[in-house]
Amino acid sequence: MIRVFGRRNSSNAAKVFWLLDEIGQDYELVPTGRGFAPTDTPKFLAMNPHGKVPVLQDGDAVVWESNTVLRYLASRFRAAGLWPDDLALRARVDGWMDWASISLAPPLTRLRKARAAGKVEDADLPAVIAAFALLDGQIGRTGAFIAGSALSLADITAAPSVHRWSLLAGDRPALPNLDTYAARLDAFPGYRRHIASLN
Ligand SMILES: N[C@@H](CCC(=O)N[C@@H](CS)C(=O)NCC(=O)O)C(=O)O
């Protein structure tokens, strides 16, 4: 049985939980991370030297870094619809996965943390708006999902940020393609169960 070390309220673990639901794969959750089993123990650090969740254990294979876990699972369970075999199509999905993790999520996370800490200057807001406006444009081009006409790992990677954009208070530009896209994601039970429940 596949084991996931993580917690339901972790955005990076939630991506893995959605994919596992999407491909219909059972797993055992080992509650780990803030509020659960510690990640700074020698045993956990031997699995993931970064002391972060999620970590996937599949027999002898131990996989950390959520996007790598997504790709491992898609490959292992032959979910070619979500992570194409064709190298050019796969690279398109990978590109958007990297972009979502490097350029979309970090400014949003910094903004949310700064606001939670009571800061008022919103230094990261322009970068957040620029990234989401770009995503809105991409959805306008495909007319459906991030990397094309069907759900892919790119959507699962970006999903926590898309959800958290909808939770963001304050003045934001109207991004109609993004609103339609969020509603499209909401039609997936795995999104509703694991992503829409994140705060
Ligand atoms: N880039 C890593 C980030 C992992 C990460 O920061 N995980 C957070 C939860 S989202 C964590 O482990 N926090 C510490 C904890 O829960 O103990 C990934 O995508 O897996």
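Student: Where's Pro 54 found?
Tutor: Pro 54 is in the loop between helix 2 (42–47) and strand 3 (55–58); helices (H or I, at least four residues) and strands (E, at least two) are DSSP runs, numbered from the N terminus. This is a predicted model, where local features need pLDDT of at least 70, side-chain atom pairs count only at pLDDT 80 or more, and totals for chains, interfaces and linings use all residues. Residues are numbered from 1 along each chain as its sequence is written, and side-chain values use heavy atoms, with hydrogens and water left out.

Student: Is the peptide bond from Val 53 to Pro 54 cis or trans?
Tutor: That bond is cis, with omega near 10°. Most peptide bonds are trans.

Student: OK, ligand now. Which residues are around it?
Tutor: Among them are Arg 7, Asn 12, Val 53, Pro 54, Glu 65 and Ser 66, where being near takes a heavy atom within 4 Å.

Student: What does Val 53 offer the ligand?
Tutor: A polar backbone atom of Val 53 is 2.8 Å from a ligand nitrogen. That's a polar contact, a pair of N or O atoms within 3.5 Å.

Student: And how far is Ser 66 from a ligand oxygen?
Tutor: A polar side-chain atom of Ser 66 sits 2.6 Å from an oxygen atom of the ligand. For Asn 12, the distance from a polar side-chain atom to a ligand oxygen is 3.3 Å.

Student: Back to the backbone: what's phi for Glu 65?
Tutor: Near 80°, a positive value in a non-glycine residue. Glu 65 is in the loop between strand 4 (61–64) and helix 3 (66–76).

Technical notes
Polar contact = N/O pair within 3.5 Å; in protein donor to acceptor, adjacent residues only side chain to side chain.
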